[in-house]
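Work through the exercises below with the sequence and the 3D view open. Try each task before reading its solution.

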Amino acid sequence: MTIEMVESPIASVVSRFFDAFQRHDVDEMVELCDWNADFNYPPLEFIGVQRQLKAIGKVRGVGKIVWSGMFHSFPNLSVTIEQISTNPEGFAAVEATLSGTQNAPWGMCDALGRSFSEDHLFLMQVGPDNRLTSLSAYWNDGSVCRQLGHYEVD
Amino acid sequence: MIGNRERVIDELIKGIESGSPDAITPRVNSATVVRAPALGLDSSGVEAVRTLLSCDPIALSEAHCEVNQVRELSESRSIVEFALRGSYSTDAAHSIPVDVRVDHAWLIKEEAGLLSQISAYWCSNQLARQAGSRTTSAVEIMSGSSI
C-alpha cells in the first residue's frame, strides 16, 4: 500500500514563503505575493516628531522595506513555524516564533546586541493563482522592544 | 441556523465588550488552553480565561469590538480579527481616561460547543502609546499587570 502525502496548495505557498523568509530572500518573498498584495503589520509603528508611520500598505511598498530592514538589523533572524491552519478559501493562519540578535538599529531601538524571541500570528490570503494577496502579522512589539533593551514607548 | 462555532465566537465577543468573563465561562472548562503573549499568559482553565478577559488591556471601559473578519479554519479553529475600542486610564497616575483603539487577532478552537483554545495577540506598545505612557514598564507598574 502506498500512502501519498498531499500538501494543500495553500499550505505549500505558505511554506515556500517562510522558507524564503528563513533564507532572508526578500525578492522571493515578494515574488510569492501578488503584485498588488496588501501588507499589514499593526504593531509596527514608527513615531516621528511630525508624523506617525504605520506598517500598512502594499507588500511591494512598505512590506519590502520592512522585511529588508528586519533582515539587516537582525542578520540571524529565524522563524520557527508552530502551526499552520488553512481553509478551502485560501486563508491561512500561521503561529510562529521569530527570534534574532540585533546588529543594527531597528525602529526606535538602538542596537545593543541583545536577542529576542517572540510569538507571532500571521494571517495570509492565497489567491487563485497561488500567490499571496494579503499578509498581516500580530505580535507584542512591546515585549520585543523590552528584550532588545528599549523601554521607551516611542 | 447558527452553529456552535458562530455562537461561541459571538459569546466571546460579548464577553470582551461587557468586561464580564461570566459571559463566556459556560463555554470553557479546565482543558481550555489560553495563550496571550502580551500578558505572558500561557495557561489553561476557567481562571486563565478570567485572567485574559479581566486584564486591563481587554477590560476597557465602554469596550467595543469592531470585527474586521472572522475566518473558519480546519480542525474547528477560527480567526477573529478585530479592533478593540474603549476608554483606558492608568488609575495609579490619576490620569484622564483616553479613547484607545488596539488591533487584535485571536485564534480560537471550538469543540462540541466549548472553547478548547484561545490564543490572543495584540501589541502592548500600541495601547501604551495611545495612553500617553513614556515607558512600557511604567504602564505595567501603574496598571498592575503587563500589557
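**Exercise 1: a salt bridge within chain B**

B:Arg85 counts as partly exposed, at 36% relative accessibility; the class runs between buried (under 20% relative accessible area) and exposed (over 50%), with a 1.4 Å probe and protein chains only. This is a predicted model: local features need pLDDT of at least 70, side-chain atom pairs count only at pLDDT 80 or more, and totals for chains, interfaces and linings use all residues. Residues are numbered from 1 along each chain as its sequence is written, chains are lettered from A and ligands numbered from 1 in the order in which they are written, and side-chain values use heavy atoms, with hydrogens and water left out.

Task: find the residue whose side chain meets B:Arg85 in a salt bridge, and place both in their strands.

Solution.
- Step 1. The partner is B:Glu66, at 2.6 Å from N to O. A salt bridge here is a side-chain nitrogen of Lys or Arg within 4 Å of a carboxyl oxygen of Asp or Glu.
- Step 2. B:Glu66 lies in strand β3 (residues 61-72) of chain B and B:Arg85 in strand β4 (residues 77-88), so the pair ties together parts 19 residues apart in sequence. Strands (E, at least two residues) and helices (H or I, at least four) are DSSP runs, numbered from the N terminus.
- Step 3. B:Glu66 is partly exposed, with a relative accessible area of 32%.

**Exercise 2: the interface**

Task: describe the contact between chain A and chain B, then locate salt bridges that cross it.

Solution.
- Step 1. Chain A contributes 30 residues and chain B 31 residues to the contact, where contact means heavy atoms within 4.5 Å.
- Step 2. About 2,600 Å² is buried between the two chains, and carbon and sulfur atoms give 50% of that area. Buried area is the accessible area (1.4 Å probe) that two parts lose on being put together, summed over both.
- Step 3. The rule finds 3 salt bridges across the interface. One of them pairs A:Asp119 with B:Arg35, the closest N and O atoms being 2.3 Å apart.
- Step 4. Residue pairs in polar contact between the chains number 9, both residues at pLDDT 80 or more. A polar contact is a pair of N or O atoms within 3.5 Å; within protein, one must be able to donate a hydrogen and the other to accept it, and residues adjacent in sequence count only if both atoms are side-chain atoms.
- Step 5. On the side of chain A that touches chain B, β1 (33-47), β3 (78-86), β4 (91-101), β5 (115-126), β6 (132-138) and α4 (141-147) each supply at least two residues. β5(A) gives the most, with 6 residues.
- Step 6. B:Arg35 also forms a salt bridge with A:Glu95, at 3.6 Å between the closest N and O atoms. A:Glu95 lies in strand β4 of chain A and B:Arg35 in strand β1 (residues 33-36) of chain B, so the pair joins two chains. A:Glu95 is buried, with a relative accessible area of 7%.

**Exercise 3: the nonpolar cores**

Task: which residues of the largest nonpolar core touch the most other members?

Solution.
- Step 1. They are A:Phe17, A:Phe21, A:Tyr41, A:Trp67, A:Phe122 and A:Met124, in a core of 42 residues. A nonpolar core is a set of buried Ala, Val, Leu, Ile, Met, Phe, Trp, Tyr and Cys residues joined through side-chain atoms within 4.5 Å.
- Step 2. Elements giving two or more residues include α1 (9-22), α2 (26-31) and α3 (59-73) of chain A. The largest share, 7 residues, comes from α1(A).
- Step 3. Beyond four places in sequence, A:Phe17 is in contact with A:Met29, A:Leu32, A:Cys33, A:Trp67, A:Met124, A:Leu132 and A:Leu135.
- Step 4. A second, separate core has 34 residues, among them B:Leu41, B:Val102, B:Trp106 and B:Trp122.

**Exercise 4: polar links in chain A**

Task: trace the partners of A:Glu31 and A:Lys54.

Solution.
- Step 1. A:Glu31 forms a salt bridge with A:Arg131, at 3.5 Å between the closest N and O atoms. A:Glu31 sits in helix α2 and A:Arg131 in the loop between β5 and β6, 100 residues apart.
- Step 2. A:Arg131 is partly exposed, with a relative accessible area of 23%.
- Step 3. A:Lys54 is in strand β2 (residues 52-58) of chain A. The side chains of A:Lys54 and A:Glu45 are joined by a polar contact of 2.5 Å.
- Step 4. A:Lys54 counts as partly exposed, at 42% relative accessibility.
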